[in-house]
Amino acid sequence: MNENIIEFRNVSIDYPLKKYTIRAVTDVSLGIKRGKITALVGESGSGKTTLSSSIIKCISEPGKIAAGEIVFFDNADGEEKETVVSGLKEKQLKEFRWKRVSMVFQAAQSALNPVMTVEEQFVETLLAHGEVRDKQKQRERCKDLLSYVKLDADRVLSSYPHELSGGMKQRVMIAFSLLLNPDLIILDEPTTALDVITQNYIFNLLKQINRETDISMILMTHDISVVAKFADYVGVMYGGRLVEYGTVNDIFRKHRHPYTEGLIKATPSIIGDIDKLSPIEGAPPDLMNLPKGCIFSPRCPYAQDICRGDEPPTVYSDDGSKGRCYFYEERKNGR
């Protein structure tokens, strides 16, 4: 069995506009490990959501995959099959979504229909995918999932979204994502607008689901502090590029890309000295006017002349990590 459930192979994603084209994701190659949690971190606009949404072909209009391919490895029937996502027809795509890959969107209050009860929305999804037409079995399935995410199933099923708190709605969306037993769940900032205690509860619940069901997960977040506790693998994105990738230990203890270092140093801690925090100087890149050479060079404290010439290649390390930096190997033991 392939150790990856999804592979991005040199994927680039464009947004063609009238006068110019914005390249939101550039030449990303990344394998999502089966049964593990992979986090994609980076500032807003780094390409995290665009890249992950491409798995289910839900890139916002007029975005499109301009180069490369996304391959899904399915072994549901005991025999592994490769599915190129971009080649799926409408009927195949409908089955692929939710049954193979589901998504928990950033704002649960926007993803839920305000004029339908939770039960009506669950049943509508089941019927749309040809699942469980027996009403009693439908209700039992919904109750089981809501109970699994620690909700009062009878109360929640008869409720409209506005009658639920933010944390409850987010857990409803997590239950929704499990409805058709997918192999992979995409989590787009799943705790946005929730208080810290509820955020921690949601992340613990997601990790429990991953460990108990072996469902693979992709988490997109700009908050690198939650990643150390939650994820197994981390991909750091900047300006649409994957600038570093490795295990959680690689990223937090042995990181080598200056941008990763900057993210970690800028993250506050309840036990750390606030005077030791150091923000990343400058602003994220303008995708319509990219700097020459390494995209991070204008903000990089270690940038040299070579960094401002040509864009650096991806350097692969013996330990399985990789980074997009001319000095990636040199920084293995620090500078």
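## A tour from Glu 244 outward

Begin by selecting Glu 244, which in this predicted model is buried yet takes part in no salt bridge, the nearest side chain of opposite charge being that of Arg 256, 5.2 Å away. A salt bridge would need a side-chain nitrogen of Lys or Arg within 4 Å of a carboxyl oxygen, so Arg 256 at 5.2 Å does not qualify as a partner of Glu 244.

Keep Glu 244 selected and colour strand β10, residues 241-247, in which this residue lies. Now display polar contacts: the side chain of Glu 244 reaches the backbone nitrogen of Arg 256 at 2.9 Å, and a further polar contact, of 2.7 Å, joins the side chain of Glu 244 to that of Thr 260. If you then show the surroundings of Glu 244, leaving aside neighbours within four places in sequence, the residues in contact include Val 234, Val 236, Ile 251, His 255, Lys 322 and Tyr 328.

Thr 260 leads to the next stop, helix α11, where it is one of the buried residues, along with Pro 258, Tyr 259, Glu 261, Gly 262 and Leu 263. Because six of the eight residues of α11 are buried, this helix is largely enclosed by the rest of the structure. To see what covers these buried residues, show β3 (37-41), β9 (233-238), β10 and α10 (248-253), against which they pack.

Within α11, select Glu 261 and Lys 265, which form a salt bridge whose closest N and O atoms are 3.2 Å apart. The two residues are separated by about one helical turn, because they stand four residues apart in the helix. Glu 261 is buried, with a relative accessible area of 12%, whereas Lys 265, at 44%, is partly exposed.

For a pairing between two helices, move to Glu 119 and Arg 139, whose side chains meet in a salt bridge of 2.7 Å, N to O. This pair links distant parts of the chain, with Glu 119 in α4 (residues 118-128) and Arg 139 in α5 (residues 135-148), 20 residues apart.

Next select Arg 23 and Asp 14, joined by a salt bridge of 2.6 Å, N to O; Arg 23 counts as partly exposed at 33% relative accessibility, while Asp 14 is buried at 10%. Asp 27, Arg 241, Glu 311 and Arg 324 can be selected together, since they are linked in a network of salt bridges. The structure holds 18 salt bridges.

Finish with a surface view of Leu 17, Tyr 20 and Met 288, which make a nonpolar patch of about 300 Å². Met 288 lies in the loop between α11 and β11 (315-316).

Key
Residues are numbered from 1 along each chain as its sequence is written. This is a predicted model: local features need pLDDT of at least 70, side-chain atom pairs count only at pLDDT 80 or more; totals for chains, interfaces and linings use all residues. Side-chain values use heavy atoms; hydrogens and water are left out. Patches are made of residues with over 30% relative accessible area and no salt bridge: like charges are joined within 9 Å, nonpolar side chains (Val, Leu, Ile, Met, Phe, Trp, Tyr) within 5 Å. Accessible areas come from the Shrake-Rupley method with a 1.4 Å probe; for residues, only the protein chains shown count as cover. Buried means under 20% relative accessible area, exposed over 50%, partly exposed in between (1.4 Å probe, protein chains only). Lys and Arg count as positive and Asp and Glu as negative; His and the chain ends are not counted. A polar contact is a pair of N or O atoms within 3.5 Å; within protein, one must be able to donate a hydrogen and the other to accept it, and residues adjacent in sequence count only if both atoms are side-chain atoms. Contact means heavy atoms within 4.5 Å.
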